[in-house]
Amino acid sequence: MNIYQQNRHAHSIGWSTWHFEWCTKYRYKMLKQEYLNNLCAIAIQEAAKRHGLDILEMEIDCDHVHVVCSIPMTMPPTKALQLLKGYSAKILFVLVPNFRKRYKKGHFWSQGKFAASVGHITLEKAKQYLEAHHAKATLFIISAVAGQGSPQADKESPSFRLGRMSKYPQNSKI
């Protein structure tokens, strides 16, 4: 089974994988102790499970969290972050009541966030694919536009190909 069959949905094929990062409020080092670190990991996993997110990788430091997460295609990444941060904070305040002494208003995580998409291919591969796809739909015959294929017209013709992305339209005279 390949990756496309694994990520087939009712009317689409694809995946949405993201790298998220967020910090504790005021960058307080609230997760120094190992058991608090583990409780945070459990809280984030429960939040992901509750909202249909799939955590692929997670790293928790004393004052920030990194998560690589696969989210449904219909969910924006900011919504996924909101759900992870909100529900995990709620669980942490229930499991560790002393956090309320530091965060009286109930905001464990800071407002800041980082989100970057993670693909199964590199940017270069995507550019190669688009270039190959574009090449199928583009005419490479410069001589037809420049002068019916004469050797002199070929010498004077521009060193770029005419097409959708070129500066000159295909039907114009150069």
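H2 passes H3 in a right-handed crossing. This is one feature of a predicted model. The protein has 174 residues, and 32% of them count as buried. Its secondary structure comprises 7 helices and 4 strands. Along the sequence these follow the pattern α-β-α-β-β-α-α-β-α-α-α. Among contacts with a separation of 6 or more, 64% join residues 24 or more positions apart.

**Helix H2 against helix H3**

- H2 covers residues 34–50 and H3 covers residues 77–95; their axes come within 8 Å and cross at roughly 130°.
- That angle makes H2 oblique to H3, because it falls outside the 65 to 115 range for roughly perpendicular and is not over 145, the bound for roughly antiparallel.
- On the H2 side, the contact is made by Leu-39, Cys-40, Ala-43, Ile-44, Glu-46, Ala-47, Ala-48 and Arg-50.
- On the H3 side, the partners are Leu-83, Leu-84, Tyr-87, Ser-88, Ile-91, Leu-92 and Leu-95.
- By residue class, the contact of H2 with H3 holds 12 nonpolar, 1 polar and 2 charged residues.

**Aromatic pairs**

- The count of aromatic pairs comes to 7.
- One of them joins Trp-22 and Trp-109, at 5.7 Å centre to centre with 90° between the planes.
- The Trp-22 and Trp-109 pair is edge-to-face, because its plane angle is over 60 degrees.
- Trp-22 belongs to strand S1 (residues 16–23), while Trp-109 sits in the loop between helix H4 (99–102) and strand S4 (114–118).
- The pair therefore ties together parts that are 87 residues apart in sequence.
- Trp-22 and Trp-109 are both buried.
- Tyr-28 and Tyr-103 also pair, with ring centres 6.1 Å apart and planes at 40°, so this pair is tilted.
- The Tyr-28 and Tyr-103 pair also links distant parts of the chain, 75 residues apart.
- Tyr-28 is in the loop between S1 and H2, and Tyr-103 is in the loop between H4 and S4.
- Burial splits the two tyrosines: Tyr-28 is partly exposed at a relative accessible area of 29%, whereas Tyr-103 is buried at 4%.
- Ring pairs join Trp-22, Tyr-26, Tyr-28, Phe-93, Phe-99, Tyr-103, Phe-108 and Trp-109 into a cluster.

**The loop between S1 and H2**

- Most residues other than glycine have a negative phi.
- Tyr-26 has a positive phi of about 60°, although it is not a glycine.
- Arg-27 also has a positive value, with phi near 60°.
- Tyr-26 lies in the loop between S1 and H2, and Arg-27 is placed in that loop too.
- Tyr-26 counts as exposed, with 59% relative accessibility, because the threshold for exposed is over 50%.
- Arg-27 counts as partly exposed at 42% relative accessibility.
- Leaving out residues up to four places away in sequence, Arg-27 touches Asp-63 and His-64.
- Arg-27 and His-64 are 37 residues apart along the chain, and their C-alpha atoms are separated by 7.6 Å.

**Ser-70 and Leu-56**

- Ser-70 is part of strand S3 (residues 64–71).
- Ser-70 is buried because its relative accessible area is 18%, and the cut-off for buried is under 20%.
- Beyond its neighbours within four places in sequence, Ser-70 contacts Ser-16, Thr-17, Leu-53, Asp-54 and Leu-56.
- Leu-56 is found in strand S2 (residues 54–60).
- Leu-56 is partly exposed, with a relative accessible area of 47%.
- Not counting residues up to four places away in sequence, Leu-56 touches Thr-17, Val-68, Cys-69 and Ser-70.
- Thr-17 thus appears among the contacts of Ser-70 and among those of Leu-56.
- The C-alpha atoms of Leu-56 and Thr-17 are 9.0 Å apart, with their positions 39 residues apart along the chain.

Technical notes
Residues are numbered from 1 along each chain as its sequence is written. This is a predicted model: local features need pLDDT of at least 70, side-chain atom pairs count only at pLDDT 80 or more; totals for chains, interfaces and linings use all residues. Side-chain values use heavy atoms; hydrogens and water are left out. Helices (H or I, at least four residues) and strands (E, at least two) are DSSP runs, numbered from the N terminus. Buried means under 20% relative accessible area, exposed over 50%, partly exposed in between (1.4 Å probe, protein chains only). Contact means heavy atoms within 4.5 Å. Axes are lines fitted to C-alpha atoms, for helices over the stretch in contact, and angles run from 0 to 180 degrees between N-to-C directions. Angles under 35 degrees count as roughly parallel, over 145 as roughly antiparallel, 65 to 115 as roughly perpendicular and the rest as oblique. A crossing is left-handed if the near helix is turned anticlockwise from the far one by less than a right angle, and right-handed if clockwise. Ala, Val, Leu, Ile, Met, Phe, Trp, Tyr, Cys and Pro count as nonpolar, Asp, Glu, Lys and Arg as charged, and the others, Gly among them, as polar. Rings of Phe, Tyr and Trp (its six-membered ring) pair if their centres lie within 6.5 Å; planes under 30 degrees apart count as stacked, over 60 as edge-to-face and the rest as tilted.
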